[in-house]
Amino acid sequence: QTIICPMALLDEVRALALEQVNFTNKDLEALVEKQNNAYGELHRTTLEFEEAAEGEEFDPRPGASALVRLAGQFGSAFPNLDEAQRDAIKANIAEIYDTPSDDVDTAGRALFNATVDFIQASQELNAFEQNLSGTE
C-alpha cells in the first residue's frame, strides 16, 4: 500500500486538474500551469501556517491575514514589479514580521511570499489573456 502525504496528494490533484484541459496554445498552457502551481504553493503554505499556529499561546492568524492583504495591496498598487523588486519586498517583510514563535515566523513569511508569487502569476495570466482577446 502506497502512503501519500497530504502535500504530495495536493500536488497529484493539481497535476490531474491540469491534465484535464487540452490546450492548443502552449504559451497559455504554461501560464495556466504557473498560476495553478502558484495557487498550490499558496494553499500548502496556508496549511503549514495553520499547523504552526496550532497550540501557540498567542493567535498569529490576524497577522497572517494582514500579510495576505498586504501582498494583495502590493499586487494592486504595483502590478508590474519585476522579480528583483518582488524579492526586495519579500526580504523587507521578512525583516519586520516577527512573532514569539520561530515556526510561526517562518510559516508567515512563506505565506506572504507564496501570496506575492500567486498574484504575480495571476497577473501574467491576465495580461496574456487580455492580449489574446484584445481587451484590457
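Buried means under 20% relative accessible area, exposed means over 50%, and partly exposed is in between (1.4 Å probe, protein chains only). These legends go with a predicted model, where local features need pLDDT of at least 70, side-chain atom pairs count only at pLDDT 80 or more, and totals for chains, interfaces and linings use all residues. Residues are numbered from 1 along each chain as its sequence is written, and side-chain values use heavy atoms, with hydrogens and water left out.

**View 1. The whole protein has 5 helices and 0 strands.** Helices here are DSSP runs of H or I with at least four residues, strands are runs of E with at least two, and both are numbered from the N terminus. The C-alpha atoms fill a box of roughly 50 × 50 × 20 Å along the principal axes. Of the 136 residues, 29% are buried.

**View 2. Lysine 90 and aspartate 117 meet in a salt bridge.** That term covers a side-chain nitrogen of Lys or Arg within 4 Å of a carboxyl oxygen of Asp or Glu, and the count comes to 8. In this one, N to O is 2.5 Å. Lysine 90 sits in helix H4 and aspartate 117 in helix H5, so the pair ties together parts that are 27 residues apart in sequence. Lysine 90 counts as buried at 14% relative accessibility, while aspartate 117 is partly exposed at 31%.

**View 3. Lysine 26 and glutamate 29 form a salt bridge inside helix H2.** Their closest N and O atoms are 3.2 Å apart. The two residues are 3 apart along the chain, about one turn of the helix. Lysine 26 is exposed at 55%, and glutamate 29 is partly exposed at 24%.

**View 4. Glu50, Glu54, Asp59 and Arg61 are linked in a network of salt bridges.** Zoom in on arginine 61 and aspartate 59, whose side chains meet at 3.3 Å, N to O. Arginine 61 is partly exposed at 30% relative accessibility, and aspartate 59 is partly exposed at 47%.

**View 5. Aromatic rings pair up, and the count comes to 2 pairs.** Rings of Phe, Tyr and Trp (its six-membered ring) pair if their centres lie within 6.5 Å; planes under 30 degrees apart are stacked, over 60 edge-to-face, and the rest tilted. Tyrosine 39 and phenylalanine 118 have ring centres 5.8 Å apart and planes at 65 degrees, so this pair is edge-to-face. It links distant parts of the chain, with tyrosine 39 in helix H2 and phenylalanine 118 in helix H5, 79 residues apart. Phenylalanine 74 and phenylalanine 78 have centres 6.3 Å apart and planes at 35 degrees, so that pair is tilted.
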